[in-house]
Amino acid sequence: MSKADSVTLAFIGAGNMAGSIIGGLVQTGWPAEQIIAAEPSNTKLDVLAETLGIRTTNNNEDAVAAADIVVLAVKPQIMKSVVEPLAASFQEHKPLIVSVAAGIPENSLNQWAGGNMAIVRCMPNTPSLVQLGASGLYANALVSDEQKSVTEQIMDAVGISKWVESEAGIDDVIALAGSAPAYFFLMMEAMIEAGEKMGVSKEAASELVIQTALGAATMAKESDVDVAELKRRVMSPGGTTEQAIFSFEDSGIRTMVDKAMNACRNRAEEMADAFKD
Ligand SMILES: NC(=O)C1=CN([C@@H]2O[C@H](COP(=O)(O)OP(=O)(O)OC[C@H]3O[C@@H](n4cnc5c(N)ncnc54)[C@H](OP(=O)(O)O)[C@@H]3O)[C@@H](O)[C@H]2O)C=CC1
Ligand SMILES: O=C(O)[C@@H]1CCC=N1
């Protein structure tokens, strides 16, 4: 299992997150015939097969049997009911399990899969679709260095990845990256709405806002200085930007962000409690 693109990857669940990773991998040159997606209905599978050329099946067990790595990408609420029936297949084939689910602890997954399984918990995000994903990775004690390296190669093909030392670190990554594309979409949505209220068309406001977000993120990624300094460089003393920034600060943006990210993280802990048994 040393060369990542020689392994077969099975995705159990082919929704938003799996679709983003699969799309990102195929666009980056990953062999489509070594990716198999499984779910009960054909609607999403047909689109993935037609647009990306991957293999599909309605039978989760067939997907597990074909794979070196099985990515669990169903909703946390149904994870137990999806994994338990696959236990015999997991025990027979012993693939590496990679779960992208929020909240579900590794020891629950291991128990449902029959025990003694190598499991990575991965917290990706949907920009993986455009190879700009950011993932957190946590491995249980049974994951070999080779399996870690392959997992890393897969997630790095669709963005960047960072290993966390404890499983709790995955909940931090949910707040910082997994859920975070939605925070930026919200900010863009609010800016576009404010632009429309000024009389700018939705189309023009969207183009300007999205390009600005892309430019700001690209600068932040490429710059030698931190984001606070980049912000300062836009804020001409006595100018326009500082009025906007003062207004955000007066409205308590930092408290709002801190509160929102903690609500996100707390929900991951609640989900672990609710769905772990
Ligand atoms: N969306 C995101 O940004 C992120 C999501 N995640 C995690 O990814 C996981 C999936 O989330 P997301 O992609 O948003 O959810 P989706 O609902 O889009 O995807 C889940 C898919 O699983 C399918 N499914 C339902 N039952 C089964 C079954 N028995 N066997 C196989 N597949 C089944 C669903 O099909 P159908 O719709 O027909 O029921 C659906 O297509 C979650 O655990 C979430 O925590 C992690 C990081 C980011
Ligand atoms: O909202 C959720 O629960 C999932 C996990 C991270 C992003 N989406």
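**A long helix, an eight-stranded sheet and two ligand shells**

Helix α13, made up of residues 253–275, is a good place to start: its 23 residues reach 33 Å from the first C-alpha to the last, close to the 33 Å expected at 1.5 Å a residue. The model examined here is a predicted one. Within it, α13 is hardly covered, since the count of buried residues among its 23 residues is two. Helix α12 (residues 241–250) offers a related picture: of its 10 residues, the number buried is zero, so α12 lies largely in the open. After α12 comes Gly252, with a positive phi near 80 degrees.

From these helices we can turn to the sheet. Eight strands form an open sheet with mixed pairing, and reading across it gives the order β3-β2-β1-β4-β5-β6-β7-β8. The edges are β3 (55–57) and β8 (159–163), each of which pairs on one side only. From one strand to the next, the twist averages 25 degrees. As a reminder, strands of a sheet pair through backbone hydrogen bonds, either parallel or antiparallel.

Two of the pairings show how this works residue by residue. Strand β1 (residues 9–12) runs parallel to strand β2 (residues 35–38), and four bridges join them. Here Ala10 stands opposite Ile36 of β2. Strand β5 (residues 96–99) is likewise parallel to its partner β6, to which three bridges join it. In that pair, Ser99 has Arg121 of β6 as its bridge partner.

Strand β6 itself deserves a closer look. Five of its five residues are buried, so β6 is largely enclosed by the rest of the structure. In a regular strand the side chains alternate between the two faces of the sheet. For β6, both faces are covered: Ile119, Arg121 and Met123 are buried on one side, and Val120 and Cys122 are buried on the other. Helix α8 (residues 168–178) lies across β6 (119–123) and β7 (133–139), and runs at about 175 degrees to β7.

The loops on either side of β6 each hold a residue with an unusual backbone setting to point out. Asn116 lies in the loop between α6 and β6, and has a positive phi of about 60 degrees although it is not a glycine. Because Asn116 has 10 C-beta neighbours inside 10 Å, and 12 or fewer is the cut-off for exposed, it counts as exposed. Gln131 sits in the loop between β6 and β7. Its phi is also positive, near 55 degrees, in a residue other than glycine. With 16 other C-beta atoms within 10 Å, Gln131 is partly exposed.

Helix α6 (residues 106–112) contains Asn110. This residue has 19 C-beta neighbours inside 10 Å and therefore counts as partly exposed, as 20 would be needed for it to be buried. Leaving out residues up to four places away in sequence, Asn110 touches Gly115, Met117, Ile119 and Asn140. Asn110 and Ala87 are 23 residues apart along the chain, and their C-alpha atoms are separated by 9.4 Å.

Pro76 belongs to the loop between β4 (69–72) and α4 (79–83). It is partly exposed, with 18 other C-beta atoms within 10 Å. Beyond its neighbours within four places in sequence, Pro76 is in contact with Ala101, Ala102, Gly103 and Ile104, and also with Met271 and Phe275. The C-alpha atoms of Pro76 and Ser99 are separated by 9.9 Å, with their positions 23 residues apart along the chain.

Finally, there are the two ligands. Ligand 1 is surrounded by 27 residues, and the closest are Gly13, Gly15, Met17, Ala101 and Ala102. Helix α1 (residues 16–27) gives the most to this shell, with three residues. By class, the shell around ligand 1 divides into 16 nonpolar, eight polar and three charged residues. Around ligand 2 stand Ala102, Ile174, Gly178 and Ser179. The shell of ligand 2 has two nonpolar residues, two polar ones and no charged ones. Ala102 thus appears in both settings: it is among the closest residues to ligand 1, and it is one of those surrounding ligand 2.

How values were computed
Residues are numbered from 1 along each chain as its sequence is written. Chains are lettered from A and ligands numbered from 1 in the order in which they are written. This is a predicted model: local features need pLDDT of at least 70, side-chain atom pairs count only at pLDDT 80 or more; totals for chains, interfaces and linings use all residues. Two strands pair if DSSP finds at least two bridges between them. Axes are lines fitted to C-alpha atoms, for helices over the stretch in contact, and angles run from 0 to 180 degrees between N-to-C directions. Two residues are in contact if their C-beta atoms, placed from the backbone, lie within 7 Å. A residue is near a molecule or strand if its C-beta atom, placed from the backbone, lies within 6 Å of it. Ala, Val, Leu, Ile, Met, Phe, Trp, Tyr, Cys and Pro count as nonpolar, Asp, Glu, Lys and Arg as charged, and the others, Gly among them, as polar. The expected span of a helix is 1.5 Å times one less than its number of residues.
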